[in-house]
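The following note sets out a few points on the model for the colleague who will read it next. Each point takes up one element or one group of contacts.

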Amino acid sequence: MRSEKKGGFQKRWLWILLLLLLLSGAVFFGVRLYRDYLARREYTHISEDYTVETTADDRVENPIDFAALQTRNSEIYAWLIVPNTDIELPILQSRADDLYYLNRDIDGKYSRLGSLFTQSKNSLDFYDPVTVIYGHNYYSGGMFTNLHYFEDETFFKENEYFYIYTPDRKLTYSIVSAYKYDDRHILNSFDFSNPDVIREYFDYVLDPLSMLRNVREGARLEITDKLVVLSTCLTGGYKGRYLVNGVLINDEPTK
């Protein structure tokens, strides 16, 4: 009888301990979600606060208030818009550390969502043969998470363009492909000063060896083209990257 009481007592404590563990896990997960929500809300405010009204005339207007943005952080040098996603965000490049904005917001404060950024191997004018823009992918959304919309064939077919604004230019890109890739560092792995390497890489962009891929029908790339690669993590923590590739088709001065 005594051992039965002791056994029942131990079982009750085990259940209490299990409930406490589940509760603490739920609290931890909830706090992470709330912090991610606050970070996403901050970037939504950035998009609203630094987008200006444009006038309806024949001139190409720049909708981004770069003067205000660069007062806030002088390393903001461009702005990316991917239609029909929530990607309307500034692009940064650190002068001191290539990975500085991996886990920092545009004010340099720690953020799990980080910022969109390029590395020093790329110039700031988007006229390198290949420019890579990095951004995080999180289950809770934000940054480059919505790039995974392009995994859907219908979405890919219906959404052909993305846009980059700089203080004096509007750059229009045609999305030629989107696919799962390995985790190599593209700019370290390929010598894009060599035309043969460019040709080989561009051929792969148009015919990637991936089961998860969409390619624009009829798309072509010449070695003189300028490619921007939007790069993010795979969903589910799998090793590798998901890439959305756009070729520059229009470069317009803005006023």
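1. Arginine 199 is partly exposed, having a relative accessible area of 25%. The model is predicted, and this residue serves as the starting point for the comments below. Arginine 199 forms a salt bridge with aspartate 203, in which the closest N and O atoms are 3.1 Å apart. Aspartate 203 is likewise partly exposed, with a relative accessible area of 40%. The two residues are four apart in helix H5, so about one helical turn separates arginine 199 from aspartate 203.

2. The helix that holds this pair, H5, spans residues 195-206 and has 12 residues. From its first C-alpha to its last, H5 reaches 17 Å, close to the 16 Å expected at 1.5 Å a residue. At the N-terminal end of H5, asparagine 194 acts as the cap: a side-chain oxygen of asparagine 194 lies 2.9 Å from the backbone nitrogen of aspartate 196.

3. Which residues of H5 are buried? They are Val197, Ile198, Tyr201, Phe202, Val205 and Leu206. These residues lie on the same side of H5 because they cover an arc of only 165 degrees around the axis. The face turned away from this buried side carries the exposed residues Asp196 and Glu200.

4. The packing partners of the buried residues of H5 include one helix, H4 (186-189). The strands they pack against are E4 (130-134), E6 (169-181), E7 (213-215), E8 (227-233) and E9 (241-253).

5. Among these strands, E6 and E9 pair in the antiparallel sense over 12 bridges. Lysine 180 stands opposite tyrosine 242 in E9. E8 and E9 also pair in the antiparallel sense, over seven bridges, and leucine 230 stands opposite valine 244 in E9.

6. Serine 210 is found in the loop between H5 and E7. With a relative accessible area of 12%, serine 210 falls under the 20% limit and therefore counts as buried. Its side chain reaches the backbone oxygen of lysine 180 at 3.3 Å. Leaving aside neighbours within four places in sequence, serine 210 is in contact with Tyr179 and Lys180.

7. Aspartate 251 and arginine 169 form a salt bridge, with the closest N and O atoms 3.0 Å apart. This pair links distant parts of the chain: aspartate 251 belongs to strand E9 and arginine 169 to strand E6, 82 residues apart. Is each partner buried or partly exposed? Aspartate 251, at 30% relative accessibility, counts as partly exposed, whereas arginine 169 is buried, with a relative accessible area of 15%.

8. A further salt bridge joins the side chains of arginine 72 and aspartate 107 (2.7 Å, N to O). The pair links distant parts of the chain, the two residues being 35 residues apart. Arginine 72 is in helix H2 (residues 66-72), and aspartate 107 is in the loop between strand E2 (87-92) and strand E3 (116-117). Arginine 72 is partly exposed, with a relative accessible area of 29%, and aspartate 107 is partly exposed as well, with a relative accessible area of 35%.

9. How many salt bridges does a search of the whole structure find? The search finds nine. Among them are the pairs of arginine 199 with aspartate 203, aspartate 251 with arginine 169, and arginine 72 with aspartate 107.

Terms used: Residues are numbered from 1 along each chain as its sequence is written. This is a predicted model: local features need pLDDT of at least 70, side-chain atom pairs count only at pLDDT 80 or more; totals for chains, interfaces and linings use all residues. Side-chain values use heavy atoms; hydrogens and water are left out. The expected span of a helix is 1.5 Å times one less than its number of residues. Buried means under 20% relative accessible area, exposed over 50%, partly exposed in between (1.4 Å probe, protein chains only). The arc is that of the directions from the helix axis to the C-beta atoms. Contact means heavy atoms within 4.5 Å. A polar contact is a pair of N or O atoms within 3.5 Å; within protein, one must be able to donate a hydrogen and the other to accept it, and residues adjacent in sequence count only if both atoms are side-chain atoms. A salt bridge is a side-chain nitrogen of Lys or Arg within 4 Å of a carboxyl oxygen of Asp or Glu. Two strands pair if DSSP finds at least two bridges between them.
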